[in-house]
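Here are a few short exercises to work through with the coordinates open. Try each task before you read its solution.

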Amino acid sequence: MLERRADWLRYARAHRLVGTLTGAALIAASDLVVGAWNLSMPAATGTGFTVVPFRQELPAAVAALAVASMYSTMENLERMGGMRLRCFERAHVVTAILAAAALMWTAEAATAGPGPAGAGARSALIWGCAAVVSGRSFGWRLSWVLPVSTLFPLIYYGHGHDGAARWWNWPDQPANAPVPWLLAAASTLIAAAAFRATPWRGHALRRVHWPSRLAPTGAGRNEVEASNDNG
Amino acid sequence: MTRIFWIEVRRSPLRWVFPLLLLVDLAALFGRSRYWIGVWPQASAAAQIPAQFIGPILAGAAAWTAGRINRRGLTDQTGAAARPMWQAELVQFAATLTYGAAAYLVGIVAAAAVTVRQAGPGFLWPSYLLLGLAVIVGCAAAGHVFGRWSRSRIWPPVISAIASFLLVGWLQESRSFAFGVLSAGPQLQVTRSALEARLACAFAVAAVAVLVPTLAPRARPGGYLRPVQLLAGGTALATLLWALQSLAVADPLRVQRVAVRPLCSTGTPNVCLWPEDRKYLPEIEAMLARIRTLPPGMFVVPSTFFERGLREERRGDDDFEVIEGSLWSISPNFVGSIVNATITTFCPAADAAAEDRRTHAYFELDTWLEARINGAQRPADVHGGPPGVDVAAVGRLIDTPEQQQIEWVRQRLTTIRETPCA
């Protein structure tokens, strides 16, 4: 048990968990100040613009940062990690998303009441899942890419001609709206699948189905380096 | 230097972001209403709008790019390079900006291409385009400086993107600090001092991004700070302060434009427009033709209708403005001019009932005139209207025989004229 705890501490240090989660908490706390700021942005509505309070977009930053803590300086080594590390990673990613949701819930409950708190936590959940997909696709350092990319369609196309939020515009729906919760459930499933889609599983899949496409030697190594070469 | 610049452009991670920038630019340009097509100032504002989305994306990407030295652990090697650090930063920042500006430019060319056929002489107004450029330069520079200063490998891009998004959208709400506009019209112009202050701010942030070394010694190539670095960095920061101060004291972003020689139609009554709005002339002339067919002798029609801003405010209470390209929006002003010219005397009514009767008669008359001038009933997407008036029923009236309409109008005019005075 003690050994296990020491492992956890080492894992947390390599992933700078304390620093990142403190940062995410600070950003969530900035909700107290900037949450009520209204942004007026161009949008495809009847009036040509839309006004959104920043509290609706803030969970994207909190969730993206929390999930980005999956990155560690030993990322390449960890790609080859065993069961134990996988177990840690699983606990890590779940904790990160739940922590983001809890942070947003707390910040929103303190500033805007229980209704927006539920919506904020839900947004953090959805964007956290998007961050997992993004992190798996582009590397954990770039887990913010997908959440931040959703902001343009959500803000620009998220409202109808009359200015009412569209059904899929999850940040602008009340906490008790059913569709965003379905979206949250669906994104959780997608994120779980993305988390399981590790390089070695992809490699194994290709070995079974398309053996001819694999280079005879060193394919795995090249793949790791190629996918890590996005800076 | 040029060779290095092209190497940076070829190797920049922005090459992966560029398609996204392009997509967002064109979506933001054409995804909204299309009424701006064919009016130069409107098209200029529309071409500027994507900058408000490109900017934050570019800020995130710039932060990612600028963090490469820290990310790759090459701080000491770059510090030992033969060239001073600011040159490397300048070239990298220029490459980042090239991608952002290129995406912006594509939108500008597209906006000009679709507008040129209808709009006639003139071109996109550079003031609006420069306003968008200021947003792009400022956001890219803010991202670059954060990416360069921070030793974190994950924070700078997401914080830069979200923070510049917050700032651009929030400042939009304020009149004196807005960096962008959501629409434009020929009667408004961007003030020179406001534009210069915004450009100064953007380029001052760019100077900070290139010149100011980070305070964290371990993230700083070269280790120690040389006096020339301190001097250059201090100058850049001072410039930024001066630019922010000039933004605070600048004129409001837009003011009424000085009147120009208007474009007037022929005949009586006629209409005078801002020359930029010439694409509306055929439709407005059709409205004038319908005004000429109003029952003779019942109404006094002004000889000329003016678009707002073409003559002094005092005389132009009923001057019209084309709002969001809808010509229905100008008919109330036509109606106002006609009714005011027809009924010149006005006194407070004797009692509340008489006042209500008169107001209702005015409202019904207005509604009928609007329908007559437009030659159609009120379209479904125009909401509101005078209280207590059955807009649809009055609208249907224009399809009934002329004699019946004259009788209906005469009743309203009599009600108005014979209201007992207090």
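**Exercise 1. Work out how contacts in chain B are spread along the sequence, and how the chain fills space.**

Solution. Keep in mind that this is a predicted model. Start with the contacts in chain B between residues at least 6 apart in sequence: 79% of them join residues at least 24 apart. Next, list the secondary structure, which comes to 16 helices and five strands in chain B. Now check the spread: the globule rule gives 22 Å for 422 residues, but the radius of gyration of chain B is 29 Å, well over that, so chain B is more spread out than a compact globule. The C-alpha trace spans about 95 × 45 × 35 Å along its principal axes. Finally, count burial: 42% of the 422 residues in chain B are buried.

**Exercise 2. Describe how α14(B) and α16(B) pack.**

Solution. Take the geometry to begin with: helix α14 (residues 352-374) and helix α16 (residues 402-417) of chain B pack at about 145°, with axes 9 Å apart. Their crossing is left-handed. Then pick out the contact residues: α14(B) contributes B:R357, B:R358, B:A361, B:Y362, B:E364, B:L365 and B:W368, while α16(B) brings B:V409, B:R412, B:T415 and B:I416. Sort them by class and you get six nonpolar, one polar and four charged residues.

**Exercise 3. Find which element gives the most to the side of chain B that touches chain A.**

Solution. Count the contact first: 29 residues of chain B meet 26 residues of chain A. Elements giving two or more residues on the chain B side are α2 (14-30), α4 (51-66), α5 (68-71) and α9 (155-173). The top contributor is α9(B), with eleven residues. By class, this side of chain B has 16 nonpolar, seven polar and six charged residues.

How values were computed
Residues numbered from 1 in each chain as written. Chains lettered and ligands numbered in written order. Predicted model: local features only at pLDDT ≥ 70, side-chain atom pairs only at ≥ 80, totals over all residues. Axes fitted to C-alpha atoms, helices over the stretch in contact; angles between N-to-C directions. Helix = DSSP H or I, 4+ residues; strand = E, 2+ residues; numbered from the N terminus. Left-handed = near helix turned anticlockwise from the far one by under 90°. Contact = placed C-beta atoms within 7 Å. Nonpolar A, V, L, I, M, F, W, Y, C, P; charged D, E, K, R; others polar. Rg over C-alpha atoms; globule rule 2.2 N^0.38 Å. Buried ≥ 20, exposed ≤ 12 C-beta atoms within 10 Å, placed from the backbone.
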